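Trainee: I'd like a close look at one part of this model, the salt bridges. Could you take me through them and put them in the setting of the whole protein?

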Amino acid sequence: MDGVWVARPIPAGSDDFQESMPDRVRRVGLDMDEIKRYYRVSVSPQRHQRLRAFLSTELDALFRLDFDRLSKQDQVDFLQLRNYLQRTTQQLQAARELNTQIAPLFPFADIVVELSEAREAVRPVDGADLAEKVNAVAKLAEQAREDVAAGRMSASKTAAFKAAQIIAELQDHLEELGEFYGAYDPSFDWWVAAPLEQAVKAVQEHKAAVEHHLVGLGPGGQDEIIGQPIGREALLVELEAEMIAYSPEELLTLAHDVWQWCEVQMKQASRELGFGDDWKRALDHVKTQFVAPGAQPALAKSLALEGAAFVKQHDLVTVPRIADETYRARMMSAELQKVAPFFLGGAGILIAYPLADMPHDLKRMVLRGNNRHFARATVFHELVPGHRLQHYYTTRYNTHRGLFSTPFWVEGWALYWEMLLWNRGDFFVSAEDRVGTMFWRMHRCARIIFSLKFHLGQWTPQQCVDLLVDGVGHERATAEGEVRRSFAGDYPPLYQAGYLLGALQFDTLRNEVLREGHLSEKQFHDDVLRGGIMPVEMIRALFLDLPLSPDYKPQWRFYTI
């Protein structure tokens, strides 16, 4: 081996080891995924304790860094990682408190947790003992079902809905026992197969009882809109983590202010179409202008080409050929359209349009909700220069910041382009296109209003639907889809507010940067995309070289109320 140099990695515990901030962020994200994947039962005390310990250890280690010696980019990542760790800790505690409140609705959880964690640890199986425990699950589930049906157990609709989700998860973990041990362990089959089948059936029937008697769902009850309001204090936590320096009440005032501006634009376009100030009649006229069945994919393609060509022609942003060449289009299922009644985009585009077997009234509503003028403002939002271009850049540059995904950057960027093209005055020219575009702007105002009022405990889901129908002019089917998507649990509580607020942030920052004359418009857009996902206030700190500190709090007032 003489003359051959062999690289020796520096062990992580060595005093000489220096972990870069991007590597730290990647490691934290991967470690969190590993812990969650191993400690899989959401109501497990061991899972909670392990996650709390990990988050606390990482937060302590982060604050041992010399913040002042970090580069500005690393300082931004420091603050994003700090917010991620702190908010995840708070969310973990809130979930534990809620689970404790509703625990009587799943009295068999401790046994399922024990069995699942023993399986994960690959402990030796005692078939007789395992059968006793599985049988106990069946009895507890059967008794709980009887208590729910007889009215001896009660809970709010939202709490019961969450309990039903946990019961379904526990059923999955029970079934996994049979998948893991069945046919491999003879004692398991002999002892456990029959009681396990009974236990799964009992848990499944208990879930149905909770949904029917406490949630109020009947056959096909998945169409019911139910969510869990988080309350004002939790909203403040979320706003601080997202670096939004406004209270919920201030944001409601902001949304109403933008709404009033939108109504002025709507009335102007309505007068041009001959409907006077009755902009809802103009909106109804626009909704009738949909393409024939089978023609929606071709419309989407033509609008995609138009949007990409426009930003390239005016040199507004760099569009790599691969980004504009390789995305694919798919049609959306009827089930998905219940929560996503319009286009969706990112790596590609999903197209919403009526399916042949939809009921006639629903078919007409979906047609009207996906007319050509609504589509003109949403296709480029989903593709180039919106989500498709974001997807291209974020998977290639500063990829570690994907851990900090925020709707204020993701959705704010796509809506920002709607605002930018509106402000130019040479893209949305016809009155019909301007009505379609303002429909979406008012829709984003409404998203702030209904999502905040719901989470403040002031509105029901039905009131949220009514705002979209009566205030914005949605078809009822598309309004229900929007509200269902907002509160089903797949999106964080501020997601819907992130569209307009993020767009306003980008618009204000663009004006600041261009006014200083440091960058061209194209350079500004390219730098945002290459910088990766982060709160827009942090992008501002980088562009304007603003001072940061380890205890930095959001302070940017990007919109005058």
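Mentor: Here is a walk through the salt bridges, with the overall picture first and two other residues at the end.

A word on the ground rules: this is a predicted model, local features need pLDDT of at least 70, side-chain atom pairs count only at pLDDT 80 or more, and totals for chains, interfaces and linings use all residues. Residues are numbered from 1 along each chain as its sequence is written, and side-chain values use heavy atoms, with hydrogens and water left out.

Now the big picture. The protein has 23 helices and three strands; these are DSSP runs, helices being H or I with at least four residues and strands E with at least two, numbered from the N terminus. Its C-alpha atoms fill a box of roughly 80 × 75 × 45 Å along the principal axes. The radius of gyration is 26 Å, which agrees with the value near 24 Å for a compact globule of 561 residues (taken over C-alpha atoms, the rule being 2.2 Å times the number of residues to the power 0.38). Of those 561 residues, 52% are buried, where buried means under 20% relative accessible area, exposed over 50%, and partly exposed in between, with a 1.4 Å probe and protein chains only. Among contacts with a separation of 6 or more, 74% join residues 24 or more positions apart; a contact means heavy atoms within 4.5 Å.

On to charge. There are 62 positive and 77 negative side chains, and the centres of the two sets lie 4 Å apart. Lys and Arg count as positive, Asp and Glu as negative, while His and the chain ends are not counted; each charge is placed at NZ of Lys, CZ of Arg, CG of Asp or CD of Glu. Side chains of opposite charge can pair when their charged atoms come close. The whole structure holds 38 salt bridges, each a side-chain nitrogen of Lys or Arg within 4 Å of a carboxyl oxygen of Asp or Glu.

Take E19 and R24: their closest N and O atoms are 3.8 Å apart. E19 is partly exposed at 22% relative accessible area, whereas R24 is buried at 9%. Both belong to a salt-bridge network that links E19, R24, R27, D31 and E58.

Next, E325 bridges to R321 at 3.5 Å, N to O. These two sit four residues apart in helix 12 (residues 321-325), so about one helical turn separates them. E325 is partly exposed at 44% and R321 is exposed at 67%.

Then there's D433 with R376, at 3.0 Å from N to O. This pair links distant parts of the chain, with D433 in helix 18 (residues 431-455) and R376 in helix 15 (residues 372-382), 57 residues apart. Both partners are buried.

The loop between helix 14 (360-369) and helix 15 holds N370. N370 is buried, with just 3% relative accessible area. Leaving out residues up to four places away in sequence, N370 touches Q296, P341, F342, A352 and Y353.

Last stop, I111 in helix 4 (residues 109-120). I111 is buried at 16%, and with the same sequence neighbours left out, I111 touches K133, A136, V137 and L140. From I111 to V311, 200 residues along the chain, the C-alpha separation is 59 Å.
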